[in-house]
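Hi,

Here is the structure I promised to pass on to you. Have a look at it first, and then read my notes below.

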Amino acid sequence: MSIKVKNVSYTYSEGMAYEVHALKDVNLEIPDGQFVGLIGHTGSGKSTLIQHLNGLLRATEGKIYFNGKDIYGDKYPMRELRSKVGLVFQYPEYQLFETDVLKDVCFGPRNLGYSQKEAEEKAKRALRMVGMGEEYDSSSPFELSGGQKRRVAIAGVLAMDPEVLILDEPTAGLDPRGRDEILDQISYLKRERGITVILVSHSMEDVARYVDRLIVMNQGQVRFDGTPKEVFRHYRELEEIGLAAPQVTYLMQELKEKGARVDTDATTVEEAADAIAAWLGGQEQL
Ligand SMILES: Nc1ncnc2c1ncn2[C@@H]1O[C@H](COP(=O)(O)OP(=O)(O)OP(=O)(O)O)[C@@H](O)[C@H]1O
Ligand SMILES: [Mg+2]
């Protein structure tokens, strides 16, 4: 089904002198199975928005529907929503607290009422899904590398079988290899499980490669919403709000301005290479 955000506004410390209007009349619909990138300058409202999607924050105004149901309605099962819409916070490794990896990942399913045996099955499945082999099950989370800790944290959410997986800056603070590993893993999960993924990121380069749709936030509002190609066409406006399109967008624009007849919609290095090759190939035939 879908997540629908309707006219949602959120104000921190409402009525106080220091109130902050973090979200202003946000409207969105995210269908099942979509891979969405949520991008925006620091303070633009990304984390605030995603915390609404699983009910951690309650909109000051507006409504949210999950699979057609108003989550603020009477007797709405909020607990169930939190397990269906799994949220992995920024720096989730700080939330690992059990003595071993398996126990840590069992925590979520145990909390949902599954038996120890069922929880362990779910935990093991989730750990394998994020590429953590059996040999780590009894390791202390503190012995792992940064990227591994983050995988374990993601497994902790996956073990609850969410329909939607939201990741707040999952690559922050990782080296390029750790970053690619996590993003490839998320992309694999999305393909294997068909779940909806919402990926919050600062990096256009990261998201351009993976997502079906990009939502750009600025000062609590949705500024652009479309495929990466559609959004990057607005690269000059993106700069005005402190964001940049991927490097290749600039390269292709520059080539075009210098007279090359290339398709400027390339968003990854591979696409840019193909576009340039196509242009050069076309030239040879002249
Ligand atoms: N707990 C809070 N109390 C008061 N104001 C807050 C709180 N959390 C966030 N804000 C403010 O709300 C606005 C939106 O913040 P939010 O954390 O949602 O942005 P963000 O896009 O996630 O930023 P970042 O990229 O830095 O994570 C900012 O002005 C921020 O200062
Ligand atoms: Mg944030």
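Helix α6 (residues 176–193) lies across three strands, namely β3 (35–40), β7 and β8 (196–201). The direction of α6 makes about 160° with that of β8. Please keep in mind that this is a predicted model.

The strands under α6 belong to an open sheet of six, and its order is β6-β7-β8-β3-β9-β10 with mixed pairing. At the edges you will find β6 (85–88) and β10 (221–226), each of which pairs on one side only. From one strand to the next, the twist averages 20°. Another helix, α5 (residues 146–158), also packs on the sheet, where α5 touches β6 and β7 (164–168). Its direction is at about 165° to that of β6.

Now to the end of the sheet with β10. How many bridges join β9 and β10? There are five, and the two strands run in the antiparallel sense, with β9 covering residues 213–218. If you would like to trace the pairing yourself, start with Leu 214, whose bridge partner in β10 is Gly 226. Then go to Asn 218, which stands opposite Gln 221 in β10. The hairpin of β9 and β10 has two residues between the strands, and Gln 219 has a positive phi there, near 45°.

The other thing to look at is ligand 1. Which residues surround it? The shell is made up of Tyr 12, Val 20, Ala 22, His 41, Thr 42, Gly 43, Ser 44, Gly 45, Lys 46, Ser 47, Thr 48 and His 202. By class, that gives eight polar, three nonpolar and one charged residues. Both β2 (20–31) and α1 (46–53) supply at least two residues of this shell, and α1 gives the most, with three.

Three side chains are worth a closer look here:

- Thr 42: an N or O atom of its side chain is 2.4 Å from an oxygen atom of ligand 1.
- Lys 46: a polar atom of its side chain lies 2.7 Å from an oxygen atom of the ligand.
- Tyr 12: here the ligand atom is a nitrogen, 3.5 Å from an N or O atom in the side chain.

As for cover, ligand 1 on its own has 640 Å² of accessible area, and the protein covers 62% of that.

I hope this helps you find your way around. Do write back with any questions!

Best wishes

Note on methods
Residues are numbered from 1 along each chain as its sequence is written. Chains are lettered from A and ligands numbered from 1 in the order in which they are written. This is a predicted model: local features need pLDDT of at least 70, side-chain atom pairs count only at pLDDT 80 or more; totals for chains, interfaces and linings use all residues. Side-chain values use heavy atoms; hydrogens and water are left out. A residue is near a molecule or strand if one of its heavy atoms lies within 4 Å of it. A polar contact is a pair of N or O atoms within 3.5 Å; within protein, one must be able to donate a hydrogen and the other to accept it, and residues adjacent in sequence count only if both atoms are side-chain atoms. Accessible areas come from the Shrake-Rupley method with a 1.4 Å probe; for residues, only the protein chains shown count as cover. Helices (H or I, at least four residues) and strands (E, at least two) are DSSP runs, numbered from the N terminus. Ala, Val, Leu, Ile, Met, Phe, Trp, Tyr, Cys and Pro count as nonpolar, Asp, Glu, Lys and Arg as charged, and the others, Gly among them, as polar. Two strands pair if DSSP finds at least two bridges between them. Axes are lines fitted to C-alpha atoms, for helices over the stretch in contact, and angles run from 0 to 180 degrees between N-to-C directions. Contact means heavy atoms within 4.5 Å.
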